[in-house]
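Student: Please take one part of this model and walk me through it closely. I would then like to see how the rest of the chain is put together.

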Amino acid sequence: MTLDCDVAVVGAGPAGSRTARNLARAGLRVRLLEEHRRVGVPSHCSGLISPRTLKEAEIGEDAIIHRITGAFVHTTHGVEVALGGEQTRAVAMDRVRWDETLAEQAQRSSAELVRARLTNVERQNGHVRLHTQTDGREASFTARVVIGADGAHSRVARSLGMAGPSERVFCLGIEGKLKIPRDDFVHVFVGSDLAPGWFGWIIPTGDGGVRAGIGSQNGAKPIACYRRMTELFPRLFDGIEPCRFYGGTIPLDFAPRSYGDNVLLAGDAAGQVKPFSGGGIYTGLVAARHASAAVMRAFDRDDVSAEGLAPYERSWKREIGRELLRSLRVRHFGLALSDGEVERVLRALRSRGLQELAALHGDIDYPSRVLLRLARSLPALSLLALVTLRRPGAAWNLARAHLPFAL
């Protein structure tokens, strides 16, 4: 049987577009599905990435709109600590332009961009059939492999009976205008009664622009959390002029399996997201590199079964899995702390030694590197001893984060 294409990639975000580009460059017939009329619109992302991500993306600096050197962390009881402030730690970018550029790269490599919404995927005689809808018109086409890069609520995964990540947060984002004291610093807001299970943020984007937002995990509505944040921090939020509100779901742990017969999951669909910040662009690009390599290997061996595609999961976990697992465990430890204990940690971070440690090892893509070093520092030991006595389960999560293997 002649198939319509070799590989169908669902979702023209960073993970999907990069996978499509790599496979098309290798000579495979690739269709890249995007349900929205314009790639990247609407954006559901704060658009803060590391310099490392720019290198991984291979698209230069055209999409950069602002540079970030540090962060202020605030608690609801008035504790504040500043971190960083010298070299560029992150950049805010035009997320729509970024996504469009990656999709254009895929098209220039001969991937076919298809404007359609996926409605279902089914397996048929060793291949897959994708059912789509465009402006009410239904269609279908066949492929040997489908790659689900279609987000936290992946229809590819659901259609093929694959379980998704179990731990999620629900977020509200706001783009607008706001004058803040220092426009090269982000602001992070923490507190169990403010953003249960997550945090709030302000990211300056230059020329008086900001991206603000907040998330929650216990059923609290993000819009209510946002209103409370503006009330608790009037010095920072007074005068904000919202231009656009948007919402989104962020997965925080791995999908049980990111591969199956004729299918791979990448990006948010596979839970390849940094559990400490919710960022998924860098990890999605890394996953795309491994996904395309795994598919090409499977085609070379004429084996697109689950067994033939299994090397994908082993390879991406080898590169970023340990960091994501460590960060998840550190996150669970942090969630077990009381607000008072969190404030003790932040006060300790004001010390010169810990400031230097954070400046030396701080990395938004690999946060566990600095977090675990801070946990082993002298100022943290008394707090850790207290937490161990009060909540041994939380301390166990931190201990597991130091292990070089899953447990």
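Tutor: What follows is a close look at one strand, then at its partners and the wider chain.

First, a note on the model: it is predicted, with local features requiring pLDDT of at least 70 and side-chain atom pairs counting only at pLDDT 80 or more, while totals for chains, interfaces and linings use all residues. Residues are numbered from 1 along each chain as its sequence is written, and side-chain values rest on heavy atoms, leaving out hydrogens and water.

Let's start with strand S5, residues 70–75. Helices (H or I, at least four residues) and strands (E, at least two) are DSSP runs numbered from the N terminus. Six of the six residues of S5 are buried, so the strand is largely enclosed by the rest of the structure. Here, buried means under 20% relative accessible area, exposed means over 50%, and partly exposed is in between, using a 1.4 Å probe and protein chains only. In a regular strand, side chains alternate between the two faces of the sheet. In S5, Gly70, Phe72 and His74 lie on one side and Ala71, Val73 and Thr75 on the other, and both faces are covered.

Now for the partners of S5. Two strands count as paired if DSSP finds at least two bridges between them. S5 pairs with strand S6 (residues 80–84) in the antiparallel sense over five bridges, and Gly70 has Gly84 of S6 as its bridge partner. The two strands make a hairpin with four residues between them, and Gly78 in the turn has a positive phi of about 95°. S5 also runs parallel to strand S13 (residues 185–190), joined to it by six bridges. In that pairing, Ala71 stands opposite Val186.

S13 leads us on to helix H5, since S13 is among the elements that the buried residues of H5 pack against. The others are strand S12 (168–177), strand S14 (200–206), strand S15 (209–216), helix H6 (234–237) and strand S16 (241–251). H5 spans residues 222–232, and its buried residues are Pro222, Cys225, Tyr226 and Met229. Seen down the axis of H5, these fall within an arc of 100°, so they line one face of the helix. The arc is that of the directions from the helix axis to the C-beta atoms. On the other side of H5, Arg227 and Glu231 are exposed.

Helix H11 (residues 352–361) can be read in a similar way, with Leu354, Leu357 and Ala358 buried. Their arc is 95°, so they too line one face, while Arg352 and Leu360 are exposed on the face turned away.

Elsewhere, an open, antiparallel sheet of three strands has the order S3-S7-S4. Its edge strands are S3 (48–49) and S4 (64–68), each pairing on one side only. S4 and S7 (residues 90–93) share four bridges, and Ile64 stands opposite Met93.

Next, the interior. A nonpolar core is a set of buried Ala, Val, Leu, Ile, Met, Phe, Trp, Tyr and Cys residues joined through side-chain atoms within 4.5 Å. The largest such core has 38 residues, and Val7, Val30, Ile147, Leu264, Val295 and Tyr312 have the most contacts inside it. Among the elements that each supply at least two residues of this core are S1 (5–10), S2 (30–34), H7 (281–300) and H9. H7 gives the most, with eight residues. Apart from this core lies another, of 21 residues, including Val114, Val128, Leu160 and Ala270.

To finish, the chain as a whole. It has 14 helices and 18 strands, and 55% of its 407 residues count as buried. The radius of gyration, taken over C-alpha atoms, is compared with a globule rule of 2.2 Å times the number of residues to the power 0.38. A compact globule with 407 residues would have a value near 22 Å, and the chain's 22 Å agrees. Along its principal axes, the C-alpha trace spans about 65 × 45 × 35 Å.

Definitions and conventions
Contact = heavy atoms within 4.5 Å.
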